[in-house]
Amino acid sequence: MKKNYKAGRHLLQIPGPTNVPDRILRAMDYPTIDHRGEEFFNLAKKCLSGIKDIFKTENHVIIYPASGTGAWEAALVNTLSPGDTVLMVETGHFASLWVKLARRLGLNAELIETNWRRGAEPEKIAERLSSDKTGKIKAVCIVHNETSTGAMSDVFKVRQCIDDVGHSALLMADTISSLASSDFCHDEWGVDVTVSGSQKGLMLPPGLSFNAISEKAWGAYEKSTLPRSYWDWGEHITSNSTGAFPYTPATNLLFGLNEAILMLKEEGLDNVFLRHKRHAEATRLAVQTWGLEVLCENKDDFSNTLTAVLLPEGHNADNLRSIVLDKFDMALGNGLSRLAGKVFRIGHLGDFNDLMLVATLGGIEMGLANSDVPHQVGGTQAAMQFLKQNS
Ligand SMILES: *Cc1c(COP(=O)(O)O)cnc(C)c1O
């Protein structure tokens, strides 16, 4: 019989958007207020100041009413000029979308390719920069956590390589699926523009995105000539000094952001990072026990926020995903572009605890049992054992 109502919680285990906790939902469940009034200015000031602690920066963080893609564009148009060369590492689908965006803006995006199974290799970046004697390359762009493959890149090491070579390029990092779940230090790591979004580690619905900037990035802003209007940093910084925005902000998402920052501080960022690392380890152990392959080949690059799982040749991952969705009301991430049908992705980030992980892995294990994918049982059990031993 067809069911029009599905009882119980839907599990949104894609690697973003993530499950929005009740506290945040309630914090946003208010009438929208005047964004040119005192009450709003107080809220905005709290958000603008609190978000700095999440990026670990003393500098200004711009908040856009936009998806992460907007913040990608903002990072480029505020610092670069037409025809500038940017060095980008193609670690996966999201890195390649940023490349496409850069090219559409008239930038000369130079690529370092990977096999989509690892993070960026800082040595290769250093090699390319050292051959750039005339300083043609204006920026190096890295996706910190590649959400299509589950591989992290060492952003700080990339900074050190740029410095070792003595190159003047700006360093830009996309932390859309790592901020507030894996450690990231905008100032200490010498990042010039950090891009992020609301709907992953920050536990909010989609709709906000961010640019954290450095003094050097601000210097580049003053010289850059790419056209910009909506994304213009200067307009934001001027307005933000009184708690205002240059246009209507996403008021209710800011109610949510304020709550998210409070929650992250209550838990403690270091605890948040440890929680994600532990859940990621337990997940990989489950995958291994099932006899399936984690897509990321390089141990040092394992993501703390998601795991992409390769299915054996001849088995379609979307098939397994639809079994899990139909039978257990859980959404898993699909394989993107060249990985379509080959992998499924488990999101274990945001507002997430041990029992949610056990439910997630249990749902996958039951999905596997309902499919013809060859596998061993016991992955969930192995993860539970791991959680117990590492509590
Ligand atoms: C989700 C994601 C994006 C895209 O962000 P949108 O909000 O969909 O525009 C970009 N980069 C990474 C690493 C992501 O995880």
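Arg128 is partly exposed, at 22% relative accessibility. In this predicted model, the side chain of Arg128 meets that of Glu110 in a salt bridge, with an N to O distance of 2.5 Å. Arg128 lies in helix 5 (residues 122-130) and Glu110 in strand 4 (residues 108-113). The pair therefore ties together parts that are 18 residues apart in sequence. In total, 19 salt bridges were counted.

A second pair involves the loop between strand 4 and helix 5. Arg117 lies in this loop, and Glu293 lies in strand 11 (residues 293-294). Their side chains form a salt bridge at 2.8 Å, N to O. This pair links parts that are 176 residues apart in sequence. Arg117 is buried, because its relative accessible area of 17% falls under the 20% cut-off. Glu293 is partly exposed, at 43% relative accessibility.

A salt bridge also joins Asp354 and Arg278, whose closest N and O atoms are 2.9 Å apart. Asp354 belongs to helix 12 (residues 354-369), whereas Arg278 belongs to helix 10. The contact thus ties together parts that are 76 residues apart in sequence. Asp354 is partly exposed, with a relative accessibility of 27%. Arg278, at 18%, counts as buried. Elsewhere, salt bridges with shared partners connect Arg118, Glu121, Lys124 and Asp301 in one network.

The nonpolar interior was examined next. The largest nonpolar core contains 36 residues. Ile51, Ile54, Ile63, Leu202, Phe210, Leu254 and Leu257 have the most contacts inside this core. Several elements each supply at least two of its residues. These are helix 1 (22-28), helix 2 (38-55), strand 2 (61-64), strand 10 (209-213), helix 9 (251-267) and helix 10 (269-290). Helix 2 gives the most, with nine residues. Helix 10 thus appears in two settings: it contributes to this core and carries Arg278, the salt-bridge partner of Asp354.

Where does the largest core lie relative to domain 1 and domain 2? Domain 1 covers 11-19 + 268-389, and domain 2 covers 22-265. Both domains give residues to the core, so it lies between them. A second core, separate from this one, has 35 residues. Its members include Val86, Leu170, Val193 and Tyr221.

Technical notes
Residues are numbered from 1 along each chain as its sequence is written. This is a predicted model: local features need pLDDT of at least 70, side-chain atom pairs count only at pLDDT 80 or more; totals for chains, interfaces and linings use all residues. Side-chain values use heavy atoms; hydrogens and water are left out. A nonpolar core is a set of buried Ala, Val, Leu, Ile, Met, Phe, Trp, Tyr and Cys residues joined through side-chain atoms within 4.5 Å. Buried means under 20% relative accessible area, exposed over 50%, partly exposed in between (1.4 Å probe, protein chains only). Helices (H or I, at least four residues) and strands (E, at least two) are DSSP runs, numbered from the N terminus. Domain bounds come from an automatic or database domain assignment. A salt bridge is a side-chain nitrogen of Lys or Arg within 4 Å of a carboxyl oxygen of Asp or Glu.
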